[in-house]
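Work through these exercises with the structure open beside you. Try each task before you read its solution.

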Amino acid sequence: MAKQKKLPLQRFMEKTKEDDKGCWIWTGAKDGSGYGKFKGHEKVMTPHKFSYEEHKQSKVPIGKIIKHTCDQPLCVNPAHLELGTYSENAKERWARTGSKLPPEEVIARAIIKALPEVKNEQIKTALASLGLSPKSLPD
Ligand SMILES: [Zn+2]
């Protein structure tokens, strides 16, 4: 009897585990940054992107990202995934953590700390392309 080839979605679901918050936690392969990776059809992508595209039957448009409404990066439950932009994602994530600092300030400071050789002007330009404008950065 020939072994039947599993559908990508079937293989995918076998690598998830539901937690007590209803999140489907990815238990498959992970890349260096702690996010998962999954080879669905022909290319490798993040599991949450695969889950979104497969369950909603629609592609993620260029320039858009998938946000986790549950703030769990390894969650692949399509009910917890929605389309958004990078700046929305940064702002919302920051709002949820309850920080008093606006996200652009936090990002700017993180860049300065990680890459001290980068000029403030370059950081401003990069953040501006995401629709963020840190006010505290000196020129
Ligand atoms: Zn979730």
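Two residues are in contact if their C-beta atoms, placed from the backbone, lie within 7 Å. Keep that cut-off at hand for the packing tasks. The model is a predicted one.

**Exercise 1. Find what the buried residues of helix H4 pack against.**

Step 1. Locate the helix. H4 covers residues 103-114, twelve residues in all. From first C-alpha to last it reaches 16 Å. That is close to the 16 Å expected at 1.5 Å a residue.

Step 2. Pick out its buried residues. They are Pro103, Glu104, Ile107 and Ala108.

Step 3. Look down the axis of H4. The buried residues fall within an arc of 135°, so they line one face of the helix. An α-helix has 3.6 residues a turn, so residues three or four places apart point the same way.

Step 4. Check the other side of H4. Ala110 and Lys113 are exposed there.

Step 5. Name the partners. The buried residues of H4 pack against helix H3 (86-97) and helix H5 (120-128).

**Exercise 2. List the residues of the largest nonpolar core, then the contacts of Val76.**

Step 1. Collect the core. Six residues form it: Cys23, Trp24, Trp26, Leu74, Cys75 and Val76.

Step 2. Take Val76 and leave out residues up to four places away in sequence. Val76 then touches Thr16, Trp24, Trp26, Pro47, His48 and Ser51.

Step 3. Look for another core. A second, separate one has five residues, including Ala90, Ile107, Ile123 and Leu127. In soluble globular proteins, nonpolar side chains tend to be buried together.

**Exercise 3. Write down the order of helices and strands along the sequence.**

Step 1. Count the elements. The protein has five helices and six strands.

Step 2. Read them in order. The pattern is α-β-β-β-β-α-β-β-α-α-α.

**Exercise 4. Set the radius of gyration of the protein beside that of a compact globule.**

Step 1. Start from the globule. With 139 residues, a compact one would have a radius of gyration near 14 Å. The protein has 18 Å.

Step 2. Turn to the box. Along the principal axes, the C-alpha atoms fill roughly 70 × 30 × 25 Å.

Step 3. Bring in the domains. The assignment gives domain 1 (8-84) and domain 2 (89-128). Their C-alpha centres lie 26 Å apart.

Step 4. Finish with burial and contacts. Of the 139 residues, 20% count as buried. Among contacts between residues at least 6 apart in sequence, 37% join residues at least 24 apart.

Technical notes: Residues numbered from 1 in each chain as written. Predicted model: local features only at pLDDT ≥ 70, side-chain atom pairs only at ≥ 80, totals over all residues. Domains from an automatic or database assignment. Core = buried A, V, L, I, M, F, W, Y, C linked by C-beta atoms within 7 Å. Buried ≥ 20, exposed ≤ 12 C-beta atoms within 10 Å, placed from the backbone. Helix = DSSP H or I, 4+ residues; strand = E, 2+ residues; numbered from the N terminus. Rg over C-alpha atoms; globule rule 2.2 N^0.38 Å. Expected span 1.5 Å × (residues − 1). Arc of directions from axis to C-beta.
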